[in-house]
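Grab your viewer and work through these exercises. Each has a task and then a solution you can follow step by step.

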Amino acid sequence: MFIDTHCHIFKEYYEDINEILNNAKNNGITKFINNGCDKSSNKEVLTLIDKYENMYGAIGIHPESVDTYKEEDLNFITSHLSHPKIIAIGEIGLDYHYTKENKAEQIKLFEKNLKIATSFNLPVIIHSRDATEDTINILKKYPVTGVIHSFSGSLETAQIYIKMGFSLGINGVITFKNSKLKEVIKKIPLTNLVLETDSPYLTPEPYRGTKNEPARILDIAKYIANLKEISLEDLSKITNENVKRIFDI
Ligand code: NI
């Protein structure tokens with residue numbers, strides 16, 4: 001039994017969400033954390049967690065929405081945090097991959113999200129792309145922990161995050177042929193890792209090029225169990241304990 005700690009299960013991506021969740025169940029993936037990114041996906045997270053018993057939600061404003069979000073979108077988040085199945089603020093962070101021009105605005109938005117997490121005492125799910133230094137420096141200002149989603153950095157960066165109390169979210173990227181992540185993850189204790197798909201993105205090998213779904217956690221888990229030379233059962237036990245330590249699931 002596995003938990004997908006980071007997916008985006010929305011009507012926009014999946015015609016039949018029931019079928020996607022059944023596929024996952026048939027592959028032993030029993031729980032999901034569905035991550036919102038903006039007002040409309042945050043709203044949909046709230047609808048879906050009421051509909052699906054095994055689905056939990058994270059709501060937040062993603063850096064990609066920096067130019068379009070409104071202050072009321074943040075108020076919408078704070079006014080729904082009493083929902084017992086909203087278990088984190090996410091997906092939030094910094095993304096300098098396409099442009100650094102809006103860096104100041106991104107940092108402002110990131111800090112607004114972090115202030116919410118701090119005042120509601122919730123863990124965070126962090127997106128950081130080409131922005132490691134700023135992400136670390138900003139996170140250090142807030143008494144928060146959680147998951148560094150889609151971690152793919154160096155061993156040194158991994159160790160800094162772990163020392164700060166964060167866990168690393170590992171997905172299909174580790175199976176990519178040119179990924180240097182395998183060597184890093186070999187050296188990281190399993191107690192610091194959680195599994196995720198980032199569905200519909202980042203489909204693991206050998207399915208790369210098709211739409212990802214939570215059922216693929218099993219492929220990622222098999223890959224990591226083999227890499228770490230442990231049984232699938234032990235990997236399941238350890239990573240599920242990690243998830244329960246971070247999130248109120
Ligand atoms: Ni994501």
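A residue is called buried when its relative accessible area is under 20%, and exposed when that area is over 50%. One thing to keep in mind throughout: this is a predicted model.

**Exercise 1. Helix 6**

Task: find which residues of helix 6 (residues 155-163) are buried, and work out what covers them.

Solution:
- Step 1: apply the cut-off to the helix, and Thr157, Ala158 and Tyr161 come out as buried.
- Step 2: look down the axis. These residues span an arc of only 100 degrees, so they sit on the same side of helix 6.
- Step 3: turn to the other side of helix 6, where Glu156 and Lys163 are exposed.
- Step 4: check the neighbours. The cover over the buried residues includes strand 5 (124-129), helix 5 (132-139), strand 6 (146-148), strand 7 (167-170) and helix 7 (181-186).
- Step 5: go past the end of the helix. Glycine 165 follows helix 6 and has a positive phi, near 100 degrees.

**Exercise 2. Helix 3**

Task: repeat the analysis for helix 3 (residues 71-78) and say why its buried residues are on the same side.

Solution:
- Step 1: list the buried residues, which are Asp73, Leu74, Phe76 and Ile77.
- Step 2: take the arc around the axis. It is only 150 degrees, which puts these residues on the same side of helix 3.
- Step 3: find the packing partners. The buried residues of helix 3 pack against helix 2 (39-51), strand 3 (55-59), strand 4 and helix 4 (103-119).

**Exercise 3. The nickel site**

Task: identify the protein donors of the nickel ion and classify the site.

Solution:
- Step 1: collect the donors. They are His6 (NE2), His8 (NE2), Glu91 (OE) and Asp198 (OD), at 2.1 to 2.3 Å from the nickel ion.
- Step 2: get the angles. Among the four donor atoms they run from 80 to 171 degrees, and the site is irregular.
- Step 3: for reference, the ideal angle for four tetrahedral donors is 109.5 degrees.
- Step 4: read off the sequence spacing of the donor residues, H-x1-H-x82-E-x106-D.
- Step 5: take one pair from that pattern. Histidine 8, in the loop between strand 1 (2-7) and helix 1 (17-26), and glutamate 91, in strand 4 (residues 86-95), are 83 residues apart, so this pair links distant parts of the chain.
- Step 6: check burial, and both histidine 8 and glutamate 91 are buried.

**Exercise 4. Threonine 197**

Task: is threonine 197 buried or exposed, and what does it touch?

Solution:
- Step 1: place threonine 197 in the loop between strand 8 (193-195) and helix 8 (217-228).
- Step 2: its relative accessibility is 0%, so threonine 197 counts as buried.
- Step 3: leave out residues up to four places away in sequence, and the contacts of threonine 197 include Asp4, His6, Cys7, Asn171 and Arg216.

**Exercise 5. Cysteines**

Task: how many disulfides does the structure hold?

Solution:
- Step 1: the count is zero.
- Step 2: cysteine 7 shows this, as its nearest cysteine sulfur, that of cysteine 37, is 11 Å away.
- Step 3: with 0% relative accessibility, cysteine 7 counts as buried.
- Step 4: cysteine 37 also counts as buried, at 19%.

**Exercise 6. The whole fold**

Task: decide why the protein is as compact as a globular protein of its length.

Solution:
- Step 1: count the elements, nine helices and eight strands.
- Step 2: compare radii. The radius of gyration is 17 Å, close to the 18 Å the globule rule gives for 249 residues, so the protein is as compact as a globular protein of that length.
- Step 3: add burial, with 57% of the 249 residues buried.

Conventions. Residues are numbered from 1 along each chain as its sequence is written. This is a predicted model: local features need pLDDT of at least 70, side-chain atom pairs count only at pLDDT 80 or more; totals for chains, interfaces and linings use all residues. Side-chain values use heavy atoms; hydrogens and water are left out. Donors are N, O and S atoms within 2.8 Å of the metal (3.2 Å for Na, K and Ca); water is not among the atoms, so sites may look incomplete. Four donors count as tetrahedral if all angles lie between 85 and 135 degrees; four count as square planar and six as octahedral if opposite donors are over 155 degrees apart and all others between 65 and 115; anything else is irregular. Helices (H or I, at least four residues) and strands (E, at least two) are DSSP runs, numbered from the N terminus. Buried means under 20% relative accessible area, exposed over 50%, partly exposed in between (1.4 Å probe, protein chains only). Contact means heavy atoms within 4.5 Å. The arc is that of the directions from the helix axis to the C-beta atoms. A disulfide is a pair of cysteine sulfur atoms within 2.5 Å. The radius of gyration is taken over C-alpha atoms; the globule rule is 2.2 Å times the number of residues to the power 0.38.
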